[in-house]
Amino acid sequence: MTILVTGGAGFIGANFVLDWVAQSNERIVNVDKLTYAGNLHTLAPLANHTQHAFVRADIADRGAMDKLIAQYRPRAIVNFAAESHVDRSILGPGEFIQTNIIGVFTLLEAALAYWKGLDAEPQAAFRFLHVSTDEVYGSLAPGAPAFTENHRYEPNSPYSASKAASDHLVRAWHHTYGLPVLTTNCSNNYGPYHFPEKLIPLMILNALAGKSLPVYGDGQQIRDWLYVRDHCSAIRRVLEAGVPGQTYNIGGCNEKTNLEVVRTICGLLDENAPRADGKSYSEQITFVKDRPGHDKRYAIDASKIERELGWKPAETFESGIRKTVQWYLDNPGWAKDVISGDYRDWVHKQYGT
Ligand code: NAD
Ligand code: TYD
């Protein structure tokens, strides 16, 4: 048996692939375009591992998707591939439309053609799991109930609008064509191998480099933080037991303001890697211009997945952020390669431009 994942050289996808190989004997085929966010160094422990096959390809390339699916005949496809950074989507939304909408459409078409040709038993067992975000639900007022799966779609950024469109396509391919799809909408992830343009890794690495810690606006925006390996275990559970056509919200039950997150990181670094001058890293916090259209608050109501599939997160924010800070302290080489662009040079050598 084989599962096929897309975007498995990115932050969440790579954590998923590494955990999969550690916990299952099933082959995993990993398809990734290797954009700036795809980093094969993360997958180095799997080099020459017979259970893992990496293929560089674009989910928007129908020919490539058809060929791969025909070659590996997966029992499931898990789609992580996306353009994922809100700030980049504000500066240049085109790639977000291309991958998050056209790419998902293309992958759905390839999956549907394959699924239609399967015998009854593998057809009934096949799953297309689409990984999405809580940002499709828009911004919550302080004190408003957390997002359930029935919350209205109100995306506010080009990123969340493109993810919302992809969720609608996935839903329609189920209702119209019968493709057995599952959709997960999760909150902000954090943990090992997180690309340092996102809040948590950026703050850890800037702090250690003696740079400023740029907090947007007043830092009172709230996110619900989910440890990445908890997210991966939730996806495995949905893949195993989720009901086709259903969506599942995945959250960490950890609402924090951005300023709280940054201060917690500074506290952990003060404890584990104190500054030479004895001062706190929090002295490096600076308040900068706010993000345009900045969503105030996200919070996930994850009671459905707990009730129906028996999943809940293993980590609290306190335990997860401690592990994360320690991971960055223990793995300076990974971050150095990302920041210096060394991993890109390697991709060019390996694959050409
Ligand atoms: P990421 O940006 O770290 O990784 C995305 C990966 O997809 C990269 O390896 C990239 O090379 C690949 N990719 C991009 N375009 C592609 C294409 N056209 N074809 C094939 N591969 C392509 O993202 P992430 O943080 O790992 O997020 C994974 C998924 O989870 C995304 O769908 C994202 O929307 C969703 N999500 C992420 C978060 C979060 O906090 N990181 C929260 C909610 C949902
Ligand atoms: P981010 O990690 O980009 O995730 P998202 O926008 O998908 O939630 O940002 C998390 C929060 O941190 C968001 O409210 C924006 C804020 N932020 C900063 O204050 N400073 C920064 O340098 C970054 C990257 C984010």
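Me: Which side chains meet in a salt bridge at 3.6 Å, N to O?

Reply: Lys33 and Asp58 meet in that salt bridge, with 3.6 Å from N to O. The term stands for a side-chain nitrogen of Lys or Arg within 4 Å of a carboxyl oxygen of Asp or Glu. Side chains of opposite charge can pair when their charged atoms come close. Lys33 lies in the loop between strand E2 (27–32) and strand E3 (52–56), and Asp58 in the loop between E3 and helix H2 (62–72), so the pair ties together parts that are 25 residues apart in sequence. Helices (H or I, at least four residues) and strands (E, at least two) are DSSP runs, numbered from the N terminus.

This is a predicted model: local features need pLDDT of at least 70, side-chain atom pairs count only at pLDDT 80 or more, and totals for chains, interfaces and linings use all residues. Residues are numbered from 1 along each chain as its sequence is written, chains are lettered from A and ligands numbered from 1 in the order in which they are written, and side-chain values use heavy atoms, with hydrogens and water left out.

Me: Are Lys33 and Asp58 buried, exposed or partly exposed?

Reply: The classes are buried (under 20% relative accessible area), exposed (over 50%) and partly exposed (in between), with a 1.4 Å probe and protein chains only. Lys33 is partly exposed at 31%, and Asp58 is partly exposed at 22%.

Me: How many salt bridges does the structure hold?

Reply: The structure holds 14 salt bridges. One of them joins the side chains of Glu255 and Arg297 at 2.8 Å, N to O. This pair links distant parts of the chain, 42 residues apart: Glu255 is in strand E12 (residues 255–257), and Arg297 is in the loop between strand E13 (285–288) and helix H10 (303–309). Glu255 counts as partly exposed at 36% relative accessibility, whereas Arg297 counts as buried at 6%.

Another salt bridge is formed by the side chains of Glu315 and Lys323 at 2.5 Å, N to O. Glu315 counts as buried at 14% relative accessibility, and Lys323 as partly exposed at 42%. Salt bridges that share partners also join Lys33, Asp58 and Glu95 into one network.

Me: Which residues are closest to ligand 1?

Reply: A residue is near a molecule if one of its heavy atoms lies within 4 Å of it; the same rule serves for a strand. By that rule 28 residues surround ligand 1, and the closest are Ile12, Asp32, Ser84, Tyr159 and Lys163.

Polar contacts can then be read off as pairs of N or O atoms within 3.5 Å; within protein, one must be able to donate a hydrogen and the other to accept it, and residues adjacent in sequence count only if both atoms are side-chain atoms. A polar side-chain atom of Lys163 lies 2.7 Å from an oxygen atom of ligand 1. An N or O atom in the side chain of Thr99 is 3.0 Å from a nitrogen atom of ligand 1. A backbone N or O atom of Leu34 lies 3.4 Å from an oxygen atom of the ligand.

Taken alone, ligand 1 exposes 830 Å², of which the protein buries 96%. Accessible areas come from the Shrake-Rupley method with a 1.4 Å probe; for residues, only the protein chains shown count as cover. Helix H1 (11–23), strand E5 (127–133) and helix H6 (158–177) are the elements that give two or more residues to the shell. The largest share, 3 residues, comes from E5.

Me: How many residues surround ligand 2?

Reply: There are 18, and the closest are Glu135, Pro214, Arg223, Arg291 and His294. An N or O atom in the side chain of Glu135 is 2.6 Å from an oxygen atom of ligand 2. A polar backbone atom of Pro214 is 2.8 Å from a nitrogen atom of the ligand. The protein covers 96% of the 500 Å² of accessible area that ligand 2 has on its own.

Me: Where is Asn79 found, and what does its side chain join?

Reply: Asn79 is found in strand E4 (residues 76–79) and is buried, with a relative accessible area of 0%. Its side chain makes a polar contact of 3.3 Å with that of His130.
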